[in-house]
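Here's a relaxed walk through one protein chain, from the overall layout down to individual side chains. Have a look at the picture first, then read on.

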Amino acid sequence: MILLENMALLETRKLKKIGVEVYFTEDNIWTFNDEDGELKLTIMATLAQNESKKTSQRVKAGQKISFLNGVFYGTGNILGYDRVGSDMIINE
């Protein structure tokens, strides 16, 4: 899965090849003037990807714990089942 940060890095590289400069205002990175711009973008993309992976792992762990405790996400409406109290009954 390519994350938004990695896509930005790839697109920035494409633009640089055709002579278009990109300036990241929040991070104060110029792709032409800043010699370390590419390095900074690569590091930031890597950090963002790692953070996304950690967030995904935490969400999956929370979902697993909820599932094991019988907690349903959203409305708890599951196609083919009716909810009766805390039980799920097959709806034929």
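## Salt bridges

Let's start with the charged side chains. The count of salt bridges here comes to four. Keep in mind that this is a predicted model, and that the values below are computed from its atoms.

One of the bridges sits in helix 1: Lys14 pairs with Glu11, and their closest N and O atoms are 3.3 Å apart. Why do Lys14 and Glu11 come about one helical turn apart? They are three residues apart in helix 1, so about one helical turn separates them. As for Glu11, its relative accessible area is 42%, which means that it is partly exposed: the range for that label ends at 50%, and buried begins under 20%.

## A small network in helix 2

Now over to helix 2, where Glu51 and Lys54 are three residues apart and therefore separated by about one helical turn. The two form a salt bridge, with 3.6 Å between the closest N and O atoms. Glu51 also meets Arg58 through their side chains, in a salt bridge of 3.6 Å from N to O. Because these bridges share partners, Glu51, Lys54 and Arg58 end up joined into one network.

How much of this is open to the outside? Glu51 has a relative accessibility of 38%, so it counts as partly exposed. Lys54 gets that label too, with a relative accessible area of 42%.

## The overall layout

Time to step back. The chain holds two helices and four strands. Read from the N terminus, the elements go α-β-β-α-β-β.

The chain has 92 residues, and 14% of them count as buried. Its accessible surface is about 7,600 Å², with 58% of that belonging to carbon and sulfur atoms. And the contacts? Among those with a separation of 6 or more, 22% are between residues 24 or more positions apart.

## Helix 2 from end to end

Helix 2 covers residues 37–68, which makes 32 residues. How far apart should its ends be, at 1.5 Å a residue? The expected span is 46 Å, because the rise is multiplied by one less than the number of residues. The end C-alpha atoms are 46 Å apart, so the model agrees with that expectation.

Which residues of helix 2 are buried? They are Gly37, Leu41, Ala45 and Ser66. Take Ser66: its relative accessibility is 17%, and since the cut-off for buried is under 20%, it counts as buried. Setting aside neighbours within four places in sequence, Ser66 is in contact with Val71 and Tyr73. After helix 2 comes Gly70, which has a positive phi, near 80 degrees.

## Helix 1 and what follows it

Thr12 is part of helix 1. Is Thr12 buried or exposed? With a relative accessible area of 6%, Thr12 is buried. If you leave out its neighbours within four places in sequence, Thr12 is in contact with Val22, Phe24, Thr31 and Leu41. Leu41 has come up before, as one of the buried residues of helix 2.

Ile18 gives you the opposite label. You'll find Ile18 in the loop between helix 1 (4–17) and strand 1 (23–24). Ile18 is exposed, because its relative accessible area of 64% is over the 50% cut-off. Together with Leu15 and Val20, Ile18 makes a nonpolar surface patch of about 250 Å².

## The hairpin

Last stop: strands 3 and 4. Strand 3 (residues 81–84) and strand 4 (residues 87–90) run antiparallel and are joined by four bridges. One of the pairings is easy to look up: Val84 has Asp87, in strand 4, as its bridge partner.

How many residues lie between strand 3 and strand 4? The answer is two, and the two strands form a hairpin. One residue to spot in the turn is Gly85, which has a positive phi of about 65 degrees.

Conventions:
Residues are numbered from 1 along each chain as its sequence is written. This is a predicted model: local features need pLDDT of at least 70, side-chain atom pairs count only at pLDDT 80 or more; totals for chains, interfaces and linings use all residues. Side-chain values use heavy atoms; hydrogens and water are left out. Two strands pair if DSSP finds at least two bridges between them. Patches are made of residues with over 30% relative accessible area and no salt bridge: like charges are joined within 9 Å, nonpolar side chains (Val, Leu, Ile, Met, Phe, Trp, Tyr) within 5 Å. Accessible areas come from the Shrake-Rupley method with a 1.4 Å probe; for residues, only the protein chains shown count as cover. Buried means under 20% relative accessible area, exposed over 50%, partly exposed in between (1.4 Å probe, protein chains only). Contact means heavy atoms within 4.5 Å.
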